[in-house]
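Me: I'd like to walk through a protein model with you, one question at a time. Could you keep it casual and show how you get to each answer?

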Amino acid sequence: MIKSIRVQRATVGTGILEPVQCSKNSQIAVNNSDHITILEPKLPLLHQCVSCKSSKGQMINTLDASALYDVRTIFHVDNLESLGLQIFSRILIEDGESSFNFGRIAEPMIVGHKWSPLVESRKDCYLGVLLNTGEVLVLARDTLDASKYEVKFRSFTSILDQMKISQERLTSEGDIIIPNSLYLKLKINSFDFGQTSDGRLFLCLSHESNEISIHELSEGLPTLETFDCGGLCTKQVWSQASQQLFYLLNDNSIHMVPLDVNGRLKAPPQELKSASRFLVSQMQFIDKVQSLLVADTQRAVLVDENGLHSAVDLPYRSVISGMPIIETLEATLVHVAYESGKSCMIEVSSDRKLTLKPASSTWTSFLNNVLYKYQLKVLKEQNKAPSKVFQPYWTDNLEANFYNYGTQTMASSGVLVSVYSLAPKNVIHHEIKSKMEFSVSFLPLKDLSSSWNHPELNVTSLSFLHGMFMQDINGLPQITQAVIDGSGSAEKDVIDYIKDWKRKHLGNPRDISLNTNEHESFHKALATDFRNNMDVKTLQRVYSLNTSLMRTFNSILKKRASKLFSEYIVELADEQDVIGQKLRQQLARIILDYAKEPIYREHDMDIFISSTFAMVLGIEYLPDVNPTIKLSSELCTESFNLETTKPLPDDFLKFAKSTTGHKWPRCELSFLPILTLLNKSDELELQRYSSYDGSQSIILRDMYKVLDYCIYTGNRTFSTKIGV
């Protein structure tokens, strides 16, 4: 079983706002109205996250999810005065009429948020936030501090710049005078991210002017397309590869528009489902049948551009808080989760037929277990109550209401994520905010459906390890007290078990051979032969797992000496060197295959990089050329020549010597010296990288466009400052 994470001193937004969102990188974001709670994956350590207990005569592993995640809070609205979230109050409307509302005087509040698809070059996701003021802000994490998310894009300023309002429309008090039509265009009602097959990201915005605009997710949010959607759009869903955009209007009608690869309309909007009095709470695009599943308070329907294919009546008339998809080998299962904790399953067959199924026994058991534990907790409170005055009332059996705020599939980790809270049933219940809490639970998808099909995703190694731990809980190695104490043969047994467990999941990295192929461009070669290469990913995952194992055994060695553990750490370190050499040589071969082209010999920086990688392979590259590169920082300016010492010094891979004799650390991606205080580190804090400064080097530019992450661990890199 997986132990839930309890988050205290926080509330969760209503289920209709979809307050729970999971990224492709195993991140979880929970909307708390005035801030967002982020669960960032961290390196799992066996001695911290795995425990063992006896149940019905069997030893069962328990995985503590709190040891897998860093729980942080970000985007506190009260602390964001510098962003000017009340900027709409500075707008003066010169025409038009509207009904009175409190929107202009309300406190800013988060009413929606979503993760973007994975940015493959950085292996990271953006987080979009919608405020009740009518503004969308797109955030990204820049530093090793998981609570530091910075605003990268802002809908208000971008759209306002595109309007090109003249200076005459600005008052001396700083107000902006605009017509009502432009004011409605500035107000955003809903948003969503899209991604094309080549990895480009779109931001789709729904305006109160009854328009939908599609923007490229780049500086200034350039507008690609704008069209009239026929009403106020409240929800949007993209199809696979963003070829179709489905949107819901406030009259509960569903519409669709086809798009080309550049985000432009190929045909006018088409109505797929007519208006209805039944509230539509969830929409999900089913990739396997290329259709949209829509659920309201009455029934679920499957539609596409050809109309309605199938419908099924739902068993409960309440708000659906989540409709996660579970892909199986035979069909697609949809777990319909209600706010009350009730659930059912819908099977979507390959011929687009819907079949209602009962709730999963795994979900039912989880629900009953949570409610039972609540009653046990109440019983303990009764027994230790200091006052006997209310003793007669404590004899009543107090049950709990289960509030499911949201349920999502985390495909990268292979689990179903639910955020819930409990409250006593049939009583008047009040809690101050400091006493409020919610829990985050994880259920393996293979327990919900034995035929669940685990997709191979291009995620970080950390995300892969999370899935590896969560899907094989009972197979995880156990760091028992006997192992910690060194009793009997426990040390040897656990090392032997770990070796077999590693080999079962990831094979032997020494047996992996990497090769390169011919491609149409250097950019394509880096993406195909390195970033998306399955063998490269396996090596990176072993590298991250070895780091976890080394930290686990080092924690034991801090308490006592162990010859076996010390030897195994040396063995793991040797394996890390082998993996590092394989990855460096693969990258060097790709670079040298294309460095022969004239375009990559125009700058000394490119020749320096290519020659350095040639030394990594132990070959000569342009032996008659020895360029000098000059690098400057806020501290100094240094010049560097190619290393001519034979053999190369032992620290060649880590340090570069300047012409003045000083040694500077190298960037692990480009092997260029790092002189600046502000550079980058991977999230495990193992490797150092330089920040791309827009230099003239074509090799460097293309490398950062494709491989802006840690090439050894396969994880993200973040900015860091030396000495901070």
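Me: Which helices and strands do the buried residues of H13 pack against?
Reply: Keep in mind that this is a predicted model. H13 covers residues 604-617, and its buried residues include Phe608, Ile609 and Phe613. Those buried residues pack against two helices and two strands: H12 (563-594), S35 (629-632), S36 (637-640) and H14 (698-706).

Me: How many of the 14 residues of H13 are buried?
Reply: Buried here means under 20% relative accessible area. Among the residues of H13 that pass are Met605, Asp606 and Val616. The helix is largely enclosed by the rest of the structure, because the count of buried residues is twelve.

Me: What does H13 reach from its first C-alpha to its last?
Reply: H13 has 14 residues, and at 1.5 Å a residue the expected value is 20 Å. Just after the helix, Gly618 takes a positive phi of about 80°. From first C-alpha to last, H13 comes out close to what is expected, at 20 Å.

Me: How far apart are the end C-alpha atoms of H12?
Reply: Let's start at the N-terminal end, where Ser562 caps H12 with a side-chain oxygen 3.2 Å from the backbone nitrogen of Phe565. H12 has 32 residues, so at 1.5 Å a residue it should span 46 Å. The distance in the model agrees with that: 48 Å.

Me: Which domains does the largest nonpolar core lie between?
Reply: This core has 104 residues, and Ile28, Leu63, Phe442 and Leu587 touch the most other members. H12 gives the most to it, with eleven residues. Two domains both give residues to the core, so it lies between domain 2 (477-595) and domain 3 (597-723).

Me: How many residues are in the second, separate core?
Reply: Leu130, Phe153, Ile178 and Ile188 are included in this core. It's separate from the one with 104 residues, and its own count is 25.

Me: Why is strand S21 largely enclosed by the rest of the structure?
Reply: Look at both faces: Ile254, Met256 and Pro258 point one way, while His255 and Val257 point the other way, and all are buried. So neither face leaves a residue out, and the strand is enclosed because the buried count is five of the five residues.

Me: Which residue in S22 stands opposite His255?
Reply: S21 has a partner in S20, joined by five bridges and running antiparallel, with Leu245 opposite Val257. S21 also pairs with S22 (residues 270-273) in the antiparallel sense, over three bridges. In that pairing, the residue opposite His255 is Glu271.

Me: What is the relative accessible area of Asn404?
Reply: Asn404 lies in strand S32 and touches residues including Tyr338, Trp363 and Tyr420. A polar atom of its side chain is 3.2 Å from the backbone nitrogen of Gly406. To be buried, a residue needs to be under 20%. Asn404 qualifies, with 1%.

Me: In S41, what is the bridge partner of Ser681?
Reply: S40, S39 and S41 form an open sheet in the order S40-S39-S41, with antiparallel pairing. S40 and S41 are the edge strands, each pairing on one side only. S39 (residues 678-682) and S41 are joined by five bridges. In S41, the partner of Ser681 is Phe718.

How values were computed: Residues are numbered from 1 along each chain as its sequence is written. This is a predicted model: local features need pLDDT of at least 70, side-chain atom pairs count only at pLDDT 80 or more; totals for chains, interfaces and linings use all residues. Side-chain values use heavy atoms; hydrogens and water are left out. Buried means under 20% relative accessible area, exposed over 50%, partly exposed in between (1.4 Å probe, protein chains only). Helices (H or I, at least four residues) and strands (E, at least two) are DSSP runs, numbered from the N terminus. Two strands pair if DSSP finds at least two bridges between them. The expected span of a helix is 1.5 Å times one less than its number of residues. Contact means heavy atoms within 4.5 Å. A nonpolar core is a set of buried Ala, Val, Leu, Ile, Met, Phe, Trp, Tyr and Cys residues joined through side-chain atoms within 4.5 Å. Domain bounds come from an automatic or database domain assignment. A polar contact is a pair of N or O atoms within 3.5 Å; within protein, one must be able to donate a hydrogen and the other to accept it, and residues adjacent in sequence count only if both atoms are side-chain atoms. Lists of a residue's contacts leave out its neighbours within four places in sequence.
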